[in-house]
Amino acid sequence: MPEYDRLRAALATGEDDRLVLDLDGIEAQYDALLRELPDVAVRFAMKACPVDEVLAALAARGSGFDAAGPQEIAQALRTGVPVDRIHYGNTIKSDRQIAEAYGLGVRDFATDSLADVAAIAVHAPGARIFCRLATTGEGALWGLSRKFGCSPEDAVLVLEAARAAGLTPAGLSVHVGSQQLTSEAWQNALEALTAVVEEAGRRGILLDHVNLGGGLPALGVLDRKGRPLDPPVDKMFAVIREGIQRLRDASAAPLDFLIEPGRHLVADHGAIRAHVTRLTQRQQLDGERVHWLYLSCGKFNGLYEMDELRYRLEFPGRAGAETVPAVVAGPTCDSDDAYADEGPGMPVPRDAASGDPVWILSCGAYSTAYTTQGFNGIPPLPYSCVRTTAGGPEEV
Ligand SMILES: *Cc1c(COP(=O)(O)O)cnc(C)c1O
């Protein structure tokens with residue numbers, strides 16, 4: 001369970017609804033990841049938190065970026081990071097997007113199809129490509145399986161096609177699925193990578209890097225029933241370290257390793273200050289009387305993932321208050337704008353009143369990017385970045 005005290009202190013300094021991101025916490029998380037995986041280079045997956053201050057802090061630490069297209073590449077470049085620390089990690093791209101990325105100086109492109117390889121050869125001549133392997137996504141809250149990646153057989157064909165087209169077949173990537181909760185998924189992914197590295201080597205393709213993708217979990221979120229997820233991160237890191245060693249042993253050429261965490265670096269270091277819109281009790285059509293807590297923030301302004309997981313809620317100043325279990329929902333006229341109605345409700349103060357502050361923890365990932373523009377008239381959620389270590393919270 002993450003340590004939330006410094007974020008709580010920052011949340012307590014204001015009144016308005018906003019996401020507060022703790023740059024010191026994000027930097028500490030980055031450092032901790034490098035201690036677990038010492039010779040792996042980090043390419044932060046920008047879509048998890050495309051906030052300039054966060055990107056600049058990570059770039060200053062030595063991170064590179066996994067960008068999904070020219071706009072993200074341009075945003076990453078504004079941090080001053082050298083362009084060789086940015087790759088085009090999206091397998092889905094138009095001719096124009098490839099040309100723009102190439103024009104911005106990017107030379108490393110993810111791919112998973114012959115059509116994409118042919119387009120890269122025309123619009124990014126001589127580029128280095130890395131081929132994404134498909135995974136089942138099992139064990140993850142978001143599988144990222146069907147839409148992306150090659151079978152092992154196709155991966156070899158894609159690498160050979162790249163070589164034939166004058167590109168450099170440079171590496172492989174995977175994504176085990178976002179908020180992956182099992183170490184077995186990592187085990188399986190690393191075995192698949194090893195088999196393809198070996199097969200490519202037999203065909204004279206010497207890869208120089210393996211990109212382990214995203215999927216490392218947030219630690220402080222709850223499942224759809226409100227229980228801690230407690231992902232076995234120590235086991236995952238041990239499996240990854242062993243898998244890296246086996247890959248190095250299996251490869252005929254030296255291999256560099258990259259990892260593309262998104263959620264893991266930012267989720268637990270962001271929290272939303274929201275307010276109670278209303279606590280109600282309504283008889284459902286099955287006859288049961290159920291409490292509903294409607295918040296000022298929901299799926300469309302900060303809590304996009306609320307239908308697949310639950311966030312911890314805190315009611316500042318109400319620590320000992322009598323509680324009732326309630327379904328938690330956002331403020332809009334959309335029935336998906338709610339925690340999944342599985343398991344018991346979340347404990348909320350029985351006398352929670354409209355306007356009371358609510359703190360929503362571990363929602364630093366996939367919150368700013370997934371906010372809508374005026375849905376039901378609600379503007380995008382504002383955010384602040386704070387420094388929390390040197391003498392109390394300070395906005396930057
Ligand atoms: C979204 C994404 C990531 C980050 O995933 P997390 O589960 O947030 O770590 C990494 N790589 C690629 C290619 C992605 O699309």
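## Two cysteines without a bond

Cys-131 and Cys-150 make a good starting point in this predicted model. The sulfur of Cys-131 has its closest cysteine sulfur in Cys-150, 3.7 Å away, which is too far for a bond. A disulfide is a covalent bond between the sulfur atoms of two cysteines. Here it is taken as a pair of cysteine sulfur atoms within 2.5 Å, and the structure holds 0 of them.

Are these cysteines buried or exposed? Cys-131 is buried, at 0% relative accessibility, and Cys-150 is buried too, at 2%. (Buried means under 20% relative accessible area, exposed over 50%, partly exposed in between, with a 1.4 Å probe and protein chains only.)

## Around the ligand

Turning to the ligand, 14 residues surround it, with Lys-47, Ser-178, Gly-215, Glu-260 and Tyr-366 coming nearest (a residue is near if one of its heavy atoms lies within 4 Å). The shell divides into 3 nonpolar, 6 polar and 5 charged residues; Tyr and Cys are among the nonpolar types, Asp, Glu, Lys and Arg count as charged, and Gly is among the polar ones.

## Polar contacts

Polar contacts are pairs of N or O atoms within 3.5 Å. A polar side-chain atom of His-175 lies 2.9 Å from a ligand oxygen, while Arg-263 places a backbone N or O atom 2.9 Å from an oxygen of the ligand. Asp-66 has a polar side-chain atom 3.3 Å from a ligand nitrogen.

## How the model is read

Residues are numbered from 1 along each chain as its sequence is written, and side-chain values use heavy atoms, leaving out hydrogens and water. Local features need pLDDT of at least 70 and side-chain atom pairs 80 or more, while totals for chains, interfaces and linings use all residues.

Terms used
Polar contact = N/O pair within 3.5 Å; in protein donor to acceptor, adjacent residues only side chain to side chain.
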